Structure formats: structure tokens, C-alpha cells
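Trainee: I should like to learn how to read a structure of this kind, feature by feature. May we begin with the model itself?

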Amino acid sequence: MKQFFLKITIGILIAVIFILLISAIDIGSIKIPIAVKDWEDKLSNFVVEKTEGLIEAIKEGNSEENNAEENEPAEVIIGTEGDLEIHFIDVGQGDATLIMCGDDAMLIDAGYWDYGEGVEAYVDYQLEDNHLDYVIATHPDADHIGGLSEIFGSEILTCDKIFFSGYDRDTGTMYYVEEAMKEKGYVSEVPSVGDTYNLGDATFTIIGPVQMYEECNDNSICILLEYGSTKYLFCGDAEELAEADMVEGIYNIDCDVLKISHHGSKTSTTPTFLAEVSPEYAVISVGENNEYFQPHATVLNLLRNYGINVFRTDEQGSVVCTSNGEEIKWNCMPSTSWQAGEGAN
Ligand SMILES: [Zn+2]
């Protein structure tokens, strides 16, 4: 009798261990991207709450047809033809954007200094006349202006108008950028909000910084680019304060394409700002496995919830969009990983 109970007990134990093993293997084999995991974790305390606010904001500001599309990602057309070309150049952790329209070209930032040569080569390859009509240093952080010393000092490229944000920073990076400019006799200017310039048949308007802020990032030069009926917004690393001022500002910042500020940091792309911009496409310029854990899950969650197509340089390399003034085409399909920086929140 004792032996019978022992056998039963051992049998049950083996069955339990077996079930535990099976379930462990099962759990272990499911790879949950951090963003998705976070998205589920935060569903109750972040996404739902903020999304309701977001939808309300959209309802107030937009027509009913737009509401119907709020969670449906727009169609992505693959192609590279169009008079307007925007190249979000992969410079690892940093920003560098080349915009071309007709015979004109503009470079917004050039990544860290060690990417300078790469950006120079990229621009050289794209431009027939090797002339940049505009160079915008959004703000003096090294991941934006570092590479500009190479661009200004280049023996193959020439630059015309050079815009600085007016926020001074006494850094080694700044020193090299200014030295390179001096050698070429280049002079920078600080644009004012409301200034408008032509870039081929496109125009761009300076919409920020609306005022001088304490934080370097908030002082980023923000530009609104328009070509035909298409609109694009580039705001460097502008954060919450600067975004709030642009929402309150006089410019209609409703856009088709948003370059996500500050590499997808949670300190930028607030729900209110995103509702106002209501882009169909967003591009995140960010380095793989960066030390800042960018892009942050909160931003990805917001973009995902809103049904925005997201392109990322860390996963897709340089991302290019083109337009004929009506339609926007992309060189690749959007990312579907929703993968946040490791350890991000
Ligand atoms: Zn940055």
C-alpha cells in the first residue's frame, strides 16, 4: 500500500515537473520586444489615459473624416522619384538630414564629428554642384554639429547660408566648427521665427525657437517645410517647453512627416504636440544600442497608438522620402519592431 502511494506521489511529481518544464520552454521561446512588453505593462497607466486625451485633442482640432483614420496607418508608397528629396542619413546616434528640391539643397545637422566625412561623401554623391544653399546647425550638441566641421572645412563642398540657433556653448566641438568656418570665411546668422526661405519650389519657415530657453535642446531651430500640399517638420532636439510654445504659436504645424525630436526621447513628442502635428509618417534618427536607451517606449507607444508609420535609422539605415508635391514615397517600408532602447521607460 505504502509503495502504491509512493508511486502515485512520484508520478504526480514527475507530471508537475514536466508541465513546469514545458511552460518554461514555451515562455522562453517567445521573444517579446521591450516596446511591446512595455506597451502592455503601461496600457493602464499611460497609453489608455494619454490616448483618450489625444483623441479628444484631435476631435477638437480636426474634421470627422480625420477621426475615422486616427488609428489606421496611412498607405506607404515605395518609390524614389519626386522633385523633393529628404534623406535622413544614418549617422548612428545623432541627426543629419539632407533636403534637395530642384537645384537647391539644405543640410540640417551632420551627426558626431566622426560621421562628418561620411556625411560629406553622402552629400557629394547626391549633389551635382556640391553646393549647399543652406546649412542649419539646429543646436550646439555634438551629435548634431560635430560633423559640421568636416562639412565647412570640406574641399569639395561649398556652403551658402549658415544658420545657428543663437544658443552659445563653449565646447571643443563648437571650437572646431567655428575654426572650420573661419578658414573658409563663412559667417553664420541667427534666423528669426517667421523667416521664410525658398528651396527650389519648396519653402521653409522658421517656427522655433520661439524664445531663448535654459536647456540647450529647447533652443533647437525648428523648420516647417512645404512643398505643394505636403508638409514636413524638423525640430532638432526640441523638448516639451519648446513644443508647447509651437503648439500655442501662430503657425499651423499640422504635417505629413515629422522628424521625431531628440531621437525618440520621452522628453519630446508630447501627446499634445503630436496631436497638433498629427503626422502620417515619423522618422526617428537614432543609434543602435545607444547609451540613452532611445527611442523610449512612451514615444513609440504613442506613435503606435496613433497609427503613425515609423521609420528608424537604427534599423533601416538611411531613410529617404520623396514627393511630387502631392504624394509622398519612401525607400523602405516602415519599421514594425516597436523596439524601445534597452532599459528604456
Ligand atoms: Zn541629439
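Trainee: What pLDDT does the chain average, and what share of the residues score at least 70?

Mentor: This is a predicted model, and the chain averages a pLDDT of 84. A score of at least 70 is reached by 79% of the residues.

Trainee: Where does pLDDT stay under 50?

Mentor: That stretch is residues 18-69. For these residues the model has 48 contacts beyond four places in sequence.

Trainee: Let us turn to the sheet. In what order do the nine strands of the open sheet lie?

Mentor: The order is S1-S16-S15-S2-S3-S4-S5-S6-S7, and the pairing is mixed. Strand S1 (77-78) and strand S7 (188-189) are the edge strands, each pairing on one side only.

Trainee: In which sense do S6 and S7 pair?

Mentor: Strand S6, residues 158-164, pairs with S7 in the parallel sense, over two bridges. To find the place in the model, look for Phe163, which stands opposite Glu189 in S7.

Trainee: Which strands does helix H5 lie across?

Mentor: Helix H5 (residues 116-126) lies across strand S2 (84-88), strand S3 (97-101), strand S4 (104-108) and strand S5 (131-137). The helix runs at about 15° to S3.

Trainee: How should I read the two sides of a helix, and which residues of H5 are buried?

Mentor: The general idea is that an α-helix has 3.6 residues a turn, so residues three or four places apart point the same way. In H5, the buried residues are Gly116, Val119, Glu120, Tyr122 and Val123. Seen down the axis of H5, they fall within an arc of 165°, so they line one face of the helix. On the other side of H5, Asp124 and Tyr125 are exposed.

Trainee: What covers the buried residues of H5?

Mentor: The cover includes S3, S4, S5 and helix H7 (148-153).

Trainee: Which residues of helix H9 are buried?

Mentor: In helix H9 (residues 240-248), they are Ala242, Glu243 and Met246. Seen down the axis of H9, these buried residues fall within an arc of 100°, so they line one face of the helix. Their cover includes S9, S10 and H10.

Trainee: I should now like to consider the backbone. Which bond near Pro209 is cis?

Mentor: The peptide bond from Gly208 to Pro209 is cis, with omega near 5°. Pro209 lies in the loop between strand S9 (202-208) and strand S10 (222-227). A cis peptide bond also joins Gln294 and Pro295, where omega is about 0°. Pro295 is in the loop between strand S13 (281-284) and helix H11 (297-305).

Trainee: What is phi of Thr269, and where is this residue placed?

Mentor: Phi of Thr269 is near 55°, a positive value in a residue other than glycine. Thr269 is in the loop between strand S12 (257-259) and helix H10 (271-277).

Trainee: Is Thr269 buried or exposed?

Mentor: A residue counts as buried if 20 or more other C-beta atoms lie within 10 Å of its own. Thr269 has 28 other C-beta atoms within 10 Å, so Thr269 is buried.

Trainee: What is phi of Trp338, and how many other C-beta atoms lie within 10 Å?

Mentor: Phi of Trp338 is near 50°, again a positive value in a residue other than glycine. Trp338 is found in the segment after strand S16 (328-330). With 19 other C-beta atoms within 10 Å, Trp338 is partly exposed.

Technical notes: Residues numbered from 1 in each chain as written. Predicted model: local features only at pLDDT ≥ 70, side-chain atom pairs only at ≥ 80, totals over all residues. pLDDT = per-residue confidence, 0-100. Contact = placed C-beta atoms within 7 Å. Helix = DSSP H or I, 4+ residues; strand = E, 2+ residues; numbered from the N terminus. Buried ≥ 20, exposed ≤ 12 C-beta atoms within 10 Å, placed from the backbone. Pairing = 2+ DSSP bridges. Axes fitted to C-alpha atoms, helices over the stretch in contact; angles between N-to-C directions. Arc of directions from axis to C-beta.
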